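Visitor: Could you pick one part of this model and take me through it slowly? I'm new to this, so please explain the terms as we go.

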Amino acid sequence: MLRLNANGSIDLTFGTTTGGPNGNVLAVIVDPSGKIFCGGIFTTYDGQTRHLVAKLNSNGTVSNGFTTGSGFGGTALRVSSLCFGRTSGFLDGGVICGGTFNSYRGTVSKSLCKMNSNGETSTNWYGGQIQLGPMGSTGVDVITEVPGGNGYYIGGNFTTPANRICKLDLGGNLVASFGSTGYDAQVLSIVPYTSGSGSIICGGGFQNYAGAPSNRIARLSTTGVLDASFTTGSGFNAPTVLAKAVSGKVYCAGSFTSYNGVARAGVARLNTEAPALLPVNTVQPTLSVGSGTEARMTVWPNPSEDGPVSIQL
């Protein structure tokens with residue numbers, strides 16, 4: 001694990017020389033104080049036991065005030081997504097973990113759990129109710145805050161309590177008003193739509209939502225209704241992940257080679273708010289890369305409008 005400077009060079013002041021994690025890092029979040037939480041497929045960090053989740057100081061060294069104890073239980077273990085917990089709309093120091101597991105510190109928590117800032121299990125929180133989807137699935141792949149900070153959207157390849165997507169309140173309880181038959185395949189990303197409506201845009205490997213065609217990208221209302229005005233045509237021809245840009249565009253990366261019949265090898269930028277000169281949801285013509293074959297990508301837009309985009313393979 002490393003940190004880059006704004007010009008893309010490696011920040012040599014970050015981290016240590018004692019090895020970092022002994023496996024892949026799949027998720028990283030940073031709290032307002034600069035503390036870093038990372039999740040993935042590792043059992044130690046800098047030689048210290050940290051099972052799938054570690055907390056780092058702002059300089060990249062391991063925080064000694066955080067331990068995972070007996071860690072996560074199950075098979076094909078991984079933590080794929082992290083999100084900060086909130087109480088009454090305010091950050092409470094806790095961290096919500098999503099992935100493939102069936103317990104944390106001996107407490108049943110299937111694919112979703114919440115831990116306190118020191119790594120202890122957070123009591124009286126949902127967890128334990130998400131069920132894995134088909135064999136080889138990854139449980140929970142994404143946790144996204146509801147705009148306004150009053151809940152969470154959960155996406156992945158689970159089939160209970162809903163198909164691949166559900167909404168939870170801050171206490172981790174299922175929001176029943178967000179209801180549908182869901183997606184027919186895995187949800188890999190959920191990003192807020194910037195119109196202020198509270199709706200979300202989802203990307204993944206699905207081809208249908210509640211029986212309606214939605215090829216790997218779809219926009220949903222706050223109650224889980226498919227937005228028919230978000231017209232994507234034939235959509236993507238392979239799984240995609242998304243990141244929202246501040247300019248109202250969506251950056252997409254994945255193993256696709258086209259979007260709505262337009263050639264795009266692994267990366268595309270879509271318009272969502274009808275900017276001048278370009279119809280809604282058409283491919284932005286100036287963004288293209290070489291042959292893209294990896295479905296497991298993560299994409300981050302630069303905070304500035306139409307700035308550079310970073311892609312993790």
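Guide: Happily! Strands are DSSP runs of E at least two residues long, numbered from the N terminus. What you see is a predicted model, where local features need pLDDT of at least 70 and side-chain atom pairs pLDDT 80 or more, while totals for chains, interfaces and linings use all residues. Residues are numbered from 1 along each chain as its sequence is written, and side-chain values rest on heavy atoms, without hydrogens and water.

Let's look at one sheet and what surrounds it. The sheet is open and has three strands in the order β7-β8-β11, paired in the antiparallel sense; strands pair if DSSP finds at least two bridges between them. On its edges are β7, residues 78–87, and β11, residues 112–115, each of which pairs on one side only. Strand β8 covers residues 90–100 and is joined to β11 by four antiparallel bridges. For a pair you can find by eye, start at Ile96 and look across to β11, where its bridge partner is Lys114.

Next, see what this sheet gives to the interior. In soluble globular proteins, nonpolar side chains tend to be buried together. A nonpolar core here is a set of buried Ala, Val, Leu, Ile, Met, Phe, Trp, Tyr and Cys residues joined through side-chain atoms within 4.5 Å. Buried means under 20% relative accessible area, exposed means over 50%, and partly exposed is in between (1.4 Å probe, protein chains only). The largest core in this model has 17 residues, and the members that touch the most others are Phe72, Val79, Leu82, Val95, Cys97 and Met115. Every strand of our sheet takes part: β7, β8 and β11 each supply at least two residues, and so does β1, residues 24–30. The largest share, three residues, is that of β7.

Val95 is a good place to pause. If you skip the neighbours up to four places away in sequence, Val95 is in contact (heavy atoms within 4.5 Å) with Ile29, Phe37, Leu82, Cys83, Phe84, Gly85, Cys113, Lys114 and Met115. Apart from the largest core lies another one, made of 15 residues, including Cys83, Ile96, Leu112 and Ile154. You have met two of those names already: Cys83 is in contact with Val95, and Ile96 is the bridge partner of Lys114.

Now for two loop residues along the way to β11. Most residues other than glycine have a negative phi, and most peptide bonds are trans. Arg105 goes the other way: it is not a glycine, yet its phi is positive, about 55 degrees. You will find Arg105 in the loop between β9, residues 103–104, and β10, residues 107–108. Ser111 also has a positive phi, near 75 degrees, without being a glycine. The loop that holds Ser111 is the one between β10 and β11. How much of each can be reached from outside? Arg105 is partly exposed, at 23% relative accessibility, whereas Ser111 is buried, with a relative accessible area of 1%.

Arg105 has a charged partner as well. A salt bridge is a side-chain nitrogen of Lys or Arg within 4 Å of a carboxyl oxygen of Asp or Glu, and the structure holds five of them. In one of these, Arg105 meets Glu120, with 3.7 Å between the closest N and O atoms. Because Glu120 lies in the loop between β11 and β12 and Arg105 in the loop between β9 and β10, the pair ties together parts that are 15 residues apart in sequence. Glu120 is partly exposed, at 36% relative accessibility.

A salt bridge also leads from our sheet to another one. The side chains of Arg86 and Glu145 meet at 2.3 Å, N to O. Arg86 is in strand β7 and Glu145 in strand β12, 59 residues apart, so this pair links distant parts of the chain. Arg86 is buried at 19% relative accessible area, while Glu145, at 25%, is partly exposed. Follow the link across and you reach an open sheet of three strands, in the order β12-β13-β14, again with antiparallel pairing. Its edge strands are β12, residues 140–145, and β14, residues 165–169. Strand β13, residues 151–156, is joined to β12 by five antiparallel bridges. Finish your tour at Val142, which stands opposite Gly155 in β13.
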